Amino acid sequence: MTIVGTFAFSASLFIQNVESNAAAKKISTEVVQVKSNKKVYSSDQAKSIKSSSAKSYFGNKELFTKKEVTVKKQGQLKKFKLIESKDKTKKGWMYSGDIISIHQNNAAPATVKSAPNLDLRIDDDLGETTDNTDGNVNSMTDAQVVSSVRSQFVDFVKSSRAQTKNGTWLRSSGLDKVAQERADYFNPALGYLSHYITANGKRHKQLAAILDGQSMGIVSNKNDIYESNGYANLDNRISNVSKYVSYFKEMITNDGDSDYGHRDQLLGNEGDGLRHYGVGIRVIRMNRSVQINIVILSADSKY
């Protein structure tokens with residue numbers, strides 16, 4: 001059973017522990033699945049029960065998380081989240097352990113910005129291999145999934161950029177290598193902090209992508225890279241590649257909760273158009289689901 005909500009962004013995911021009598025902390029909308037025979041509560045005090053079956057209460061509605069609190073129950077602190085349907089007809093509080101987060105996107109800006117000053121003569125794109133395969137991820141190899149997700153997502157961004165005056169999106173072999181390095185280890189559950197934590201687990205003031213790029217001998221300008229990252233974790237029995245890509249597309253089409261950070265990076269509304277890009281993708285297979293992590297690096301410089 002899978003109940004899928006819509007989108008999550010990390011900009012508001014830094015949750016402070018609060019006692020049960022404190023106001024709920026508002027967080028950004030988050031894509032979730034809820035476990036079937038789990039309780040839905042009427043309030044953040046987790047006392048009055050609306051339903052003992054989340055499945056029967058929410059049905060097949062698309063769901064969002066709206067708030068999170070930490071309450072003390074039997075001497076222990078437990079986190080509860082407010083779940084609301086997309087059509088706003090159903091909502092209730094659930095223990096966070098009974099909720100599965102299936103999607104999150106995070107955007108981090110580079111440390112400097114400048115007004116657009118495009119060089120439209122740049123036309124040395126390495127190109128992409130077109131792969132519109134839309135099979136079920138459970139019947140595809142990791143390499144096939146990566147190829148298809150990348151091709152579909154990049155095609156979408158390029159077609160979206162074509163409606164702007166920010167220039168063509170050009171693939172960078174150097175940024176590809178750095179993005180893949182990041183995708184292989186970054187933890188999207190850390191939200192915005194994930195941008196600043198390197199493979200050794202240390203947190204830095206500078207973007208991890210820039211530090212990785214420098215250590216790999218690829219990146220020279222310490223202020224020249226922007227990063228967007230995210231993930232989707234979906235039931236492997238029913239999820240085709242296009243379902244994952246549909247969530248990643250919302251970095252452009254439904255990006256209000258991140259204050260349009262992903263959209264502006266991908267469309268080139270930042271920097272001098274951010275015409276050079278690299279994409280890294282990791283496929284993580286679990287017992288009943290497949291998670292896909294994605295990292296997109298954008299820069300004005302060609303690497």
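Leaving out neighbours within four places in sequence, Arg203 is in contact with Leu193, Tyr196 and Ile197. In this predicted model, Arg203 sits in the loop between H3 and H4. Leu193 is ten residues away from Arg203 in sequence, and the C-alpha to C-alpha distance for this pair comes out at 8.0 Å. Even with those contacts, Arg203 counts as exposed, because its relative accessibility is 62% and anything over 50% goes in that class.

The two helices on either side of that loop also meet each other. The axes of H3 and H4 come within 9 Å and cross at roughly 120 degrees. An angle of that kind falls outside the parallel, antiparallel and perpendicular ranges, so H3 and H4 are oblique to each other. As for handedness, H3 passes H4 in a right-handed crossing. On the H3 side the contact is made by Val178, Glu181 and Arg182, and on the H4 side by Ala208, Ala209, Asp212 and Gly213. Sorted by class, the residues of this contact divide into three nonpolar, one polar and three charged.

H3 itself spans residues 173–183, and its buried residues are Gly174, Leu175, Asp176, Val178, Ala179, Arg182 and Ala183. Two of these, Val178 and Arg182, turn up again in the contact with H4. The cover over the buried residues of H3 is a mix of helices and strands. On the helical side it includes H2 (142–161) and H4 (208–215). Among the strands that contribute are S9 (170–171), S10 (225–235), S11 (276–285) and S12 (289–299).

H2 has a helix partner as well. H2 and H5 (residues 241–253) pack with their axes 10 Å apart, at an angle of about 30 degrees. Since angles under 35 degrees count as roughly parallel, H2 is roughly parallel to H5. The crossing of H2 and H5 is right-handed. From H2, the residues making the contact are Ser148, Val149, Gln152, Phe153, Phe156, Val157 and Ser160. H5 brings in Val241, Ser242, Val245, Phe248, Lys249, Met251, Ile252 and Thr253. By class, that gives nine nonpolar, five polar and one charged residues in the contact of H2 with H5.

Two glutamines of H2 are worth a look. Gln152 lies in H2 and is part of the contact with H5. With a relative accessibility of 15%, Gln152 counts as buried, because the cut-off for that label is under 20%. The side chain of Gln152 makes a polar contact with the side chain of Ser148, at 3.0 Å, and Ser148 is also listed among the H2 residues that meet H5. Gln144 is in H2 too, but at 41% relative accessibility it counts as partly exposed. The side chain of Gln144 reaches the backbone nitrogen of Thr141 at 2.9 Å. Thr133, eleven residues from Gln144 along the chain, has its C-alpha atom 8.3 Å from that of Gln144.

Ser298 belongs to strand S12, one of the elements covering the buried residues of H3. Its relative accessible area is 1%, so Ser298 is buried. Not counting residues up to four places away in sequence, Ser298 touches Asp224, Ile225, Tyr226, Gln265, Leu274 and His276.

One of those partners, Leu274, has an unusual backbone. Most residues other than glycine have a negative phi. Phi of Leu274, however, is positive, near 45 degrees. Leu274 is found in the loop between helix H6 (261–267) and S11, and with a relative accessible area of 0% it is buried. Lys88 is another non-glycine residue with a positive phi, of about 65 degrees. Its loop runs between strand S6 (76–85) and strand S7 (91–95). Leu274 is buried, whereas Lys88 counts as exposed, at 59% relative accessibility.

Zooming out to the whole chain, the secondary structure comes to six helices and twelve strands. Buried residues make up 50% of the 303 residues. Of the contacts with a separation of 6 or more, 69% are accounted for by residues 24 or more positions apart.

Key
Residues are numbered from 1 along each chain as its sequence is written. This is a predicted model: local features need pLDDT of at least 70, side-chain atom pairs count only at pLDDT 80 or more; totals for chains, interfaces and linings use all residues. Side-chain values use heavy atoms; hydrogens and water are left out. Buried means under 20% relative accessible area, exposed over 50%, partly exposed in between (1.4 Å probe, protein chains only). Helices (H or I, at least four residues) and strands (E, at least two) are DSSP runs, numbered from the N terminus. Contact means heavy atoms within 4.5 Å. Axes are lines fitted to C-alpha atoms, for helices over the stretch in contact, and angles run from 0 to 180 degrees between N-to-C directions. Angles under 35 degrees count as roughly parallel, over 145 as roughly antiparallel, 65 to 115 as roughly perpendicular and the rest as oblique. A crossing is left-handed if the near helix is turned anticlockwise from the far one by less than a right angle, and right-handed if clockwise. Ala, Val, Leu, Ile, Met, Phe, Trp, Tyr, Cys and Pro count as nonpolar, Asp, Glu, Lys and Arg as charged, and the others, Gly among them, as polar. A polar contact is a pair of N or O atoms within 3.5 Å; within protein, one must be able to donate a hydrogen and the other to accept it, and residues adjacent in sequence count only if both atoms are side-chain atoms.
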